[in-house]
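Visitor: I would like to go through this fold and hear the reason behind each label. Please show me the structure to begin with.

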Amino acid sequence: MNDLKLAPPGTPIVLEARGLGRSYHGKAVVSDVDLAVPAGQTVAVLGPSGAGKSTMLRCLAGLEPIQTGSVGFQGGPLSEAGGRPRSFHGRIGMVFQQFNLFPHLTAVQNVALAPVRVRGVAKEQARSEAVALLDRVGLPEHRDHYPFEMSGGQQQRVAIARALAMRPELMLFDEPTSALDPEFTREVLAVMRDLAEDGMTILVVTHEMEFARRSADRVVFMAEGRIVEDGPAATVFEQPRHERTRQFLAQVLGE
Ligand SMILES: Nc1ncnc2c1ncn2[C@@H]1O[C@H](COP(=O)(O)OP(=O)(O)OP(=O)(O)O)[C@@H](O)[C@H]1O
Ligand SMILES: [Mg+2]
C-alpha cells in the first residue's frame, strides 16, 4: 500500500482504518477510508471545510461509533462497524482546537490530574512529571498560572503537555492552531515539530500548509468524506495526482 512506502519495512502500524464509514441520519460523512499510520510517522490531513476530517479523527480516536469497516490500534481492535468503540484513554492523546483546560486548576494541576486519577501515579511524582512536561513545551514560568492568565498558544501547549502526561502512543490533533493568532500558532507548531522529531506518531488535521509540507512525512487529502490522495508530503504538494487536490492547493496556497 502507498501508505507504507515511507516507513522502513517492518515498522509497526499504530493505527489502521479499513473501509471506515460514518454517517449521520443516513447521510455518509466519511466513506470507505483506508488509512495506516506507522509508528513514528507524522501524517497531516488536509481538506476543505465539511470534508469529514474531524469526524474521521473522532472515529479513529474511538469517540464515535462507525457504520462500516473497522479501526485497529496497536494490532488490536478499536472499533468495529455497529459496535461500541473500545476506549484507549490516554494511550491515544487528543488535542482539539479548543483547549478545554480546567479553568479552576493551574497549568501543573491540569497536567498532573489524569496521571493521578487514571494511571494511579503518586501526586508528587505526577507533579514533577508535569513540571518537566511544561518545561518541554516551553512554559517553565507558567506552572502555577491558571488558564485565564495564559495566552491561547500557552493554553494549547498546556493541553499538549496534559495529553503527553498520559504517555500516549499516538497523538491526534484536530486543527490545534485554528483558534490562535499567527504568533501563537508558531509556538504550538514548534512544539508539535519537536514531538514529531522525537519520534511520536502523529495524525494532525491542519490548515497550516507550511507545517504539513515541512514537518509531515505524509499528507492525506480528504474531500467529500473520502481520501482522495495519500502520499509523501513533497509529492502531494508538488505533484498532486488528482484535480481535486490541485484545486484545493491552488486555492489555499494561491492567496
Ligand atoms: N454530530 C453531527 N451530526 C450531524 N452531522 C454532522 C455531525 N458532525 C458533523 N456533521 C456533518 O458532517 C460533515 C463533515 O463534518 P466535519 O466536521 O467532519 O468536517 P471537517 O472536514 O472537519 O470540516 P472543518 O474543516 O470545517 O472542520 C459536515 O457536513 C457536518 O455538517
Ligand atoms: Mg473539523
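Guide: What follows takes the sheets and the helix pairs of this predicted model in turn.

Visitor: What does the UniProt record list for residues 15-249?

Guide: The UniProt entry, which is unreviewed, lists residues 15-249 as "domain: ABC transporter". In the model, that span is 35% helix and 27% strand, and its end C-alpha atoms lie 27 Å apart.

Visitor: What makes strand 1 and strand 2 a pair?

Guide: Two strands pair if there are at least two bridges between them. Strand 1 (residues 13-24) and strand 2 (residues 27-38) have eight bridges, in the antiparallel sense, so they count as a pair by that cut-off. Tyr24 is set opposite Lys27 of strand 2. The two strands form a hairpin with two residues between them, and His25 in the turn has a positive phi of about 50 degrees.

Visitor: Which sheet holds strand 1 and strand 2, and why do strand 2 and strand 5 stand at the edges?

Guide: They belong to an open sheet of four strands with antiparallel pairing, in the order 2-1-4-5. Strand 2 and strand 5 (76-80) each have a single partner strand, so one side of each lacks a neighbour in the sheet. From one strand to the next, the twist averages 20 degrees. Strand 1 is also joined to strand 4 (residues 68-73), antiparallel, by five bridges, with Arg18 opposite Ser70 of strand 4. Helix 1 (residues 53-60) packs on this sheet and touches strand 1, strand 2, strand 4 and strand 5; its direction is at about 125 degrees to that of strand 1.

Visitor: What is the strand order in the sheet of six strands, and why do strand 6 and strand 10 stand at the edges?

Guide: That open sheet runs 6-7-8-3-9-10, with mixed pairing. Strand 6 (92-95) and strand 10 (226-232) each have a single partner strand, so each has one side without a neighbour in the sheet. Neighbouring strands here are turned by 15 degrees against each other on average, direction ignored. Strand 9 (residues 218-223) pairs with strand 10 in the antiparallel sense over six bridges, and Met222 faces Ile227 of strand 10.

Visitor: Which strands do helix 4 and helix 5 meet?

Guide: Helix 4 (residues 152-164) lies across strand 6 and strand 7 (170-174), at about 170 degrees to strand 6. Helix 5 (residues 182-197) packs on the sheet against strand 3 (42-46), strand 7 and strand 8 (202-205), and its direction makes about 150 degrees with that of strand 8.

Visitor: Why are helix 4 and helix 5 called roughly parallel?

Guide: Their packing angle is about 20 degrees, with the axes 8 Å apart. Angles under 35 degrees count as roughly parallel, and therefore helix 4 and helix 5 are given that label. Residues in the contact include Ile160 and Leu164 of helix 4 and Val188 and Leu195 of helix 5. By class, the contact divides into seven nonpolar, three polar and two charged residues.

Visitor: How do you know that helix 2 is oblique to helix 3?

Guide: Helix 2 (residues 107-117) and helix 3 (residues 123-136) pack at about 130 degrees, with their axes 8 Å apart. Roughly perpendicular covers 65 to 115 degrees, and roughly antiparallel needs over 145. The angle fits neither range, so helix 2 is oblique to helix 3. The crossing is right-handed. Among the contact residues are Val108 and Val111 of helix 2 and Ala130 and Leu134 of helix 3. The contact has eleven nonpolar, no polar and two charged residues.

Conventions:
Residues are numbered from 1 along each chain as its sequence is written. Chains are lettered from A and ligands numbered from 1 in the order in which they are written. This is a predicted model: local features need pLDDT of at least 70, side-chain atom pairs count only at pLDDT 80 or more; totals for chains, interfaces and linings use all residues. Side-chain values use heavy atoms; hydrogens and water are left out. Axes are lines fitted to C-alpha atoms, for helices over the stretch in contact, and angles run from 0 to 180 degrees between N-to-C directions. A crossing is left-handed if the near helix is turned anticlockwise from the far one by less than a right angle, and right-handed if clockwise. Contact means heavy atoms within 4.5 Å. Ala, Val, Leu, Ile, Met, Phe, Trp, Tyr, Cys and Pro count as nonpolar, Asp, Glu, Lys and Arg as charged, and the others, Gly among them, as polar. UniProt positions are given in the numbering used here, feature names are shortened, and annotations may be inferred rather than shown by experiment.
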